[in-house]
Amino acid sequence: MACEAIWRISEFKSQDISMTAWSFATVRLSNRPLFASLASAACSSIAEFQPQELANTAWAFAKIFYLDALLLASISCAALNRI
């Protein structure tokens, strides 16, 4: 399933990125290549994320202890721009 998601990540919209990260983190499946791909895709499209998607994505990465400084900075900036 993770391989399929990585293969199709270029087709993902913000909700797809967020929900994929959330789903894997909820069941504590820490697939590093998948989360690296999700982080890259999220950073590229962060302006399209709704507030709930920002929160879900941040939560998912924190839940599996995957630190991506660029992703966290992107989420932070996107959230601050909406305040």
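Arginine 28 is exposed, with 61% relative accessible area. This arginine sits in the loop between helix 2 and helix 3. The model shown here is predicted. Below, the loops come first, then the nonpolar core, the surface, the salt bridges and the cysteines.

**Two loop residues with positive phi**

- Arginine 28 is not a glycine, yet its phi is positive, at about 60 degrees.
- Phenylalanine 65 is another non-glycine residue with a positive phi of about 60 degrees.
- Phenylalanine 65 belongs to the loop between helix 4 and helix 5.
- Is phenylalanine 65 buried or exposed? Its relative accessibility is 72%, so phenylalanine 65 counts as exposed.

**The largest nonpolar core**

- The largest nonpolar core has 23 residues.
- Which of its residues touch the most other members? They are Phe35, Leu38 and Phe61.
- Five helices each give this core at least two residues: helix 1 (2–8), helix 2 (14–26), helix 3 (32–45), helix 4 (51–63) and helix 5 (69–81).
- Helix 3 supplies the largest share of the core, with six residues.
- Leucine 38 makes contacts beyond its neighbours within four places in sequence. Its partners there are Ile9, Phe12, Ile17, Thr20, Ala21 and Phe61.

**Isoleucine 9, a buried loop residue**

- Isoleucine 9 lies in the loop between helix 1 and helix 2.
- Is isoleucine 9 buried or exposed? Its relative accessibility is 15%, and the limit for buried is under 20%, so isoleucine 9 counts as buried.
- Residues up to four places away in sequence aside, isoleucine 9 touches Ser37, Leu38 and Ala41.
- Isoleucine 9 and leucine 34 are 25 residues apart in sequence. In space, their C-alpha atoms are 9.1 Å apart.

**Serine 14, a buried helix residue**

- Serine 14 is part of helix 2.
- With a relative accessibility of 8%, serine 14 counts as buried, because buried means under 20%.
- Which residues does serine 14 touch, not counting those up to four places away in sequence? They are Glu48, Phe49 and Glu53.

**A nonpolar patch on the surface**

- Met19, Trp22 and Trp59 form a nonpolar patch on the surface.
- Together, these three residues have about 280 Å² of accessible area.
- Tryptophan 22 has its place in helix 2.
- The relative accessibility of tryptophan 22 is 34%. That value falls between the 20% limit for buried and the 50% limit for exposed, so tryptophan 22 counts as partly exposed.

**Salt bridges**

- How many salt bridges does the structure hold? There are two.
- One joins the side chains of glutamate 4 and arginine 8, at 2.4 Å from N to O.
- Why are glutamate 4 and arginine 8 separated by about one helical turn? The reason is that they are four residues apart in helix 1.
- Arginine 8 also forms a salt bridge with glutamate 11. Here the closest N and O atoms are 3.9 Å apart.
- Glu4, Arg8 and Glu11 are thus linked in a network of salt bridges.
- Glutamate 4 is partly exposed, with a relative accessible area of 41%.
- Arginine 8 is partly exposed too, at 39%.
- Glutamate 11 has 52% relative accessibility, and exposed means over 50%, so glutamate 11 counts as exposed.

**Cysteines without disulfides**

- A disulfide is a covalent bond between the sulfur atoms of two cysteines.
- How many disulfides does a search of the whole structure find? The search finds zero.
- Cysteine 43 is in no disulfide. Its nearest cysteine sulfur is that of cysteine 77, 10 Å away. A disulfide needs the two sulfur atoms within 2.5 Å, so this pair does not qualify.
- Cysteine 3 is exposed, with a relative accessible area of 65%.

Notes: Residues numbered from 1 in each chain as written. Predicted model: local features only at pLDDT ≥ 70, side-chain atom pairs only at ≥ 80, totals over all residues. Heavy atoms only, no water. Core = buried A, V, L, I, M, F, W, Y, C linked by side-chain atoms within 4.5 Å. Buried < 20%, exposed > 50% of the residue type's maximum accessible area, 1.4 Å probe, protein only. Contact = heavy atoms within 4.5 Å. Patch = residues over 30% accessible without salt bridge, like charges linked within 9 Å, V, L, I, M, F, W, Y side chains within 5 Å. Areas by Shrake-Rupley, 256 points an atom, 1.4 Å probe, with all protein chains shown as cover. Salt bridge = Lys/Arg side-chain N within 4 Å of Asp/Glu carboxyl O.
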